Each structure stands twice: as C-alpha cells, then as structure tokens.
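Visitor: I'm new to this, so could you walk me through the structure and tell me how each label is earned?
Guide: Sure, have a look first.

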Amino acid sequence: MNKAELAKYIDQTILKPGVTEEFVEKFCEDAKANAFASVCILPTLVKPAAKILKGSETKVCTVISFPLGMDVPAVKIQEAKEVIEHGAEEVDMVINVGALKSGEYAINDEEISGVVKACHDKGAILKLIIETPLLTEEQIIKACELAEKHGVDIVKTSTGFSAMLPRSTSVDDVKLIRKHVKAATGVKAAGGIRKTAAMIEAGATRIGASAGEAIINGL
Amino acid sequence: MAVTRLDVERIIDASLGATPAPTLAEVNAFVKKTLNYNFAVTLTEPFYVKYNADLLHANGKQLVTVISYPLGGMTPKAKLAQAKQALKDGADELDIAMDISAFMSGKYDYVKEELKPVMELQEGRIFKMIYFADLLTADQQLKACEIAAELGFQYVKTNTGYGVVTTLEQVSRVRDRFGDDLKVMASGGVRTKEDAINMIKAGATRIATSASFKIVDSF
C-alpha cells in the first residue's frame, strides 16, 4: 500500500481538552495536505475545523457523549444534531456501555437508532464506539448486532481514553468485530494503535490515530 | 482546631470513580452504601441519575451529576439539553465543565455567554464550574474563577479528576482571592485522610473523591 492509499484509512485525531482553535486550524491544514480520511476533534472545535476542511476530501469527524457514553438517548441525539449543524460529516458516538453491560438493550436501541437517523437525515455517517476494552467477547458480539440492526456505518473499537481503560485496542478486537458485521460495514481501530498494517489485515477500514503523519511515512 | 471525621465527611462529593461504565446494579450498590454516610452529595454519571435519585431523596440525601464531562468539549445546545435532562431526572447539583478550548483560545466572553442559558436553570441549586486548573497558568485560573463568580456559580471545581492531581496552591489561590464569594472544591488526587485535611487547610470547602469510604473510615 502506498502513502496516498494508507492516508485514506486515517482519522487524524486530537481529543484532549484545551486544544485551541488556532491549533486545530493548523491540524486541519496538515490533514488536508495529507488527504487523510478525516480529522477527529471535540464538538466545540467542529466549526473552526469545518472552515478549513469544507469542500476537501478530508471530512470533519467529531465525537458524541465522549468518552464516557453515559448520557440518556435524547441528549445524544441533540448533541449529534448540533454537531452536524456545525459542519460535522462523520459522528463517532460512544455507546451506553453501562446499559449494554446491564442488558438494558432497549436503551441502546433508542440511542443508536436515534443518532443514526439524525446522521443519515443530513448525509453524515455514524461510527459506533463500543469500547472493547471494557467488554467481554459476548458483549462485543452483542454490540455488533445492535450496530447492524440500526444501520451503523462503521463500528469503532474504543475511545482510547487511557485514563479509564484497562488496555488498548487489540488485533483480536478488530477480527471479532469484522466477523460479526456485514462486509459493507466498516471497522475503525482506535485506541493505542501501534501496528497499523496488522489492524488493516484484520479487517480495519479506518484507523484512529494521533500520529497519522508518522503512520503514512512508515515511521 | 483539629479536623474531625464529620468535618471531612460532610464536604465530600462521593463518586464511584475508578469503575468505568459500571452496570446499573454496581451503581445502585454504591449509592446504597453512601446512604450510611453523611456525604455532601453522591455523584453519578448522567444516565444513572434517574435510577438513583428517588432512593437518595427518600433517605434525605442529594445527588450531583456532571455536564460536558470530562473533556469540556460539548456544544452549547447539547450542554443545555444535558443539564435540563439531569435536573428532570432528579439531580440536585450540577458540575459543569466550561468550554476549555474557547477559554484557551482567549474567547472569555464566549465562555461566559455560552453558560448563561444553563445558569438560568439554577433556581437556588448548587452549580459548580469545572475550570481545568491543571491546564491553566495562575492568572488564567483566576480569570476562569472570575467568570464563574460573575455567572453566579457558588463553587468552582478544580479539575475533572481523570489522571490529574489538584495541588494545594490551586485551592488556596481561589480561597485567597474570593473567600466565601466563590467556594472551591478540590477534585483529583484526594485519596487519603491526610490529603483531605490538607485540602481543607488550603481552603477547600468541598472535596470530590472516589476514595470517600476509605477516607472517612480511616478516622
């Protein structure tokens, strides 16, 4: 795979608190120059990012209920609508992991179907972050079923919020998700990704990375 | 004067902390345990509020939840929706993160204006503004606190607590400047009885901790 092909896999990501608008503008200019798939930033920074990325092949991606996922469905839907209004073209929503682990799937049904609709109505895509480091194999499979049931575009492994998580995303996470979603559904590997080639080999169609440039340059 | 067990206990915001995405049963067990203590409030993430508010209220206890937490990256309407939902579900207090990206970008007026609609929901309740002290210079910390005071927050909350330790200087800085006009809650890294006593001596009148039981039981 050449550099340009690899760049199409990358969601160039910065999700720490306190990033300035000036920094994000530069970050987006660089991402655009590298033709990354998207730039993934916090909702408050969607407007300045959209200004830079509008009309380019690099999409504006943001995160909903991030990184805890513990909001009620109506709040997640409201947040998704607002970020799309601000210019987001891709929405990465954290599933309600607590509800999933509690077997309260009706909550997950409501939030996923609502946010999928909010996205698809406006031509945006939804990536569902299922937080594999907190789930059993059985729960990962259940999350994939929920994603398929509601027409999620891409299943994303993890928030990568390391202060809260016991581990990074593994190649096995990606393989397991790939096995339980349709071929047309994407898989995004995110959260401490080091071996990009292995993730793509395992079925990842996107890579969330804070160091996209180093990845495409093979560093 | 010596700091007593009750002095510490009654100013603690008790949270489950270390357990990411707990099940409903795990949160409920934690909340039940707090009923045996005289904490200021029990904290749960927004989704869990409605499942636990009645139990706490029936026992004369109060509940707090978090808004735009922990990254301070949510957009205005989403924040407002989240706050309204939390109050409707039974929250007594709110810990609200300011837009830290806008603040770092120097947009102080925006930071203030953006929180005004949320403050209209206050109606005598305690709202605390999370200002990310760890990311700010001493002058910026005081500037953020000024904004909080002007908005009518009773408290500022130093940090979110994820991977950040609040210093005694951060606490005394607020105490020295604002006295009782704007109280300060120490959040992040308070793990022992000694930590708590030191924070109180530095001027904290609330302490957020997930080590609540351990701290109080060690007196």
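Visitor: Which residues meet where H6(B) and H7(B) come together?
Guide: This is a predicted model, so keep that in mind throughout. From H6(B) you have B:Tyr108, B:Val111, B:Lys112, B:Leu115, B:Lys116 and B:Met119, and they meet B:Lys143, B:Ile147, B:Glu150 and B:Leu151 in H7(B). By class, that contact has 6 nonpolar, no polar and 4 charged residues.

Visitor: What describes the way those two helices pack?
Guide: In general, two packed helices are described by the angle between their axes and the distance between the axes. Here helix H6 (residues 108-119) and helix H7 (residues 138-151) of chain B pack at about 35°, and their axes are 10 Å apart. The crossing of H6(B) and H7(B) is right-handed.

Visitor: Why is H4(A) said to be largely enclosed by the rest of the structure?
Guide: Count its residues: 11 of the 13 in H4(A) are buried, so the label fits. Among the buried ones are A:Pro73, A:Val75, A:Ile77, A:Ala80 and A:Val83, along with charged-type names you might not expect on such a list, including A:Lys76 and A:Glu79. The buried residues pack against helix H3 (46-53), strand S3 (59-64), strand S4 (90-94) and helix H6 (105-121) of chain A, together with helix H4 (76-89) of chain B.

Visitor: How do you know that the length of H4(A) agrees with its number of residues?
Guide: Use 1.5 Å a residue: the 13 residues should span 18 Å, and the end C-alpha atoms are 19 Å apart, so the two agree. Just after H4(A), A:Gly87 takes a positive phi of about 120°.

Visitor: Where do chains A and B touch?
Guide: There are 35 residues of chain A in contact with 30 residues of chain B. Helix H2 (21-34), helix H4 (73-85) and helix H5 (97-102) of chain A each supply at least two residues of chain A's side. H4(A) gives the largest share of that side, with 6 residues. Sorted by class, the side of chain A has 18 nonpolar, 9 polar and 8 charged residues.

Visitor: What makes A:Val39 and A:Val115 stand out in the largest nonpolar core?
Guide: That core has 149 residues, and these two touch the most other members. Leaving out residues up to four places away in sequence, A:Val115 touches A:Ile64, A:Lys76, A:Ile77, A:Ala80, A:Val91, A:Met93 and A:Leu126.

Visitor: Why is B:Leu6 called exposed?
Guide: The cut-off for exposed is 12 or fewer other C-beta atoms within 10 Å. B:Leu6 has 11, so it counts as exposed. You'll find B:Leu6 in helix H1 (residues 5-9) of chain B. Its C-alpha atom is separated by 9.4 Å from that of B:Phe219, 213 residues apart along the chain.

Visitor: And why is A:Arg167 called partly exposed?
Guide: Buried needs 20 or more neighbours and exposed needs 12 or fewer, with partly exposed in between. A:Arg167 has 13 other C-beta atoms within 10 Å, so it falls in the middle class. A:Arg167 sits in the loop between strand S6 (154-156) and helix H8 (171-180) of chain A.

Visitor: Why does A:Gly191 count as buried?
Guide: Set its 23 C-beta neighbours inside 10 Å against the cut-off of 20 or more, and it counts as buried. A:Gly191 lies in the loop between strand S7 (186-189) and helix H9 (196-201) of chain A. Among the residues A:Gly191 touches are A:Thr157, A:Ser158 and A:Ser168.

Visitor: What is special about the phi of A:Ser65?
Guide: Its phi is positive, about 55°, although A:Ser65 is not a glycine. A:Ser65 is also buried, because 28 other C-beta atoms lie within 10 Å. A:Glu131 has a positive phi too, about 60°, and is not a glycine either. With 29 other C-beta atoms within 10 Å, A:Glu131 is buried.

Visitor: What makes the bond from A:Phe66 to A:Pro67 cis?
Guide: Look at omega, which is near 0° for that peptide bond. A:Pro67 lies in the loop between S3 and H4 of chain A. In chain B, the peptide bond from B:Tyr69 to B:Pro70 is cis, with omega near 0°.

How values were computed. Residues are numbered from 1 along each chain as its sequence is written. Chains are lettered from A and ligands numbered from 1 in the order in which they are written. This is a predicted model: local features need pLDDT of at least 70, side-chain atom pairs count only at pLDDT 80 or more; totals for chains, interfaces and linings use all residues. Two residues are in contact if their C-beta atoms, placed from the backbone, lie within 7 Å. Helices (H or I, at least four residues) and strands (E, at least two) are DSSP runs, numbered from the N terminus. Ala, Val, Leu, Ile, Met, Phe, Trp, Tyr, Cys and Pro count as nonpolar, Asp, Glu, Lys and Arg as charged, and the others, Gly among them, as polar. A nonpolar core is a set of buried Ala, Val, Leu, Ile, Met, Phe, Trp, Tyr and Cys residues joined through C-beta atoms within 7 Å. Axes are lines fitted to C-alpha atoms, for helices over the stretch in contact, and angles run from 0 to 180 degrees between N-to-C directions. A crossing is left-handed if the near helix is turned anticlockwise from the far one by less than a right angle, and right-handed if clockwise. The expected span of a helix is 1.5 Å times one less than its number of residues.
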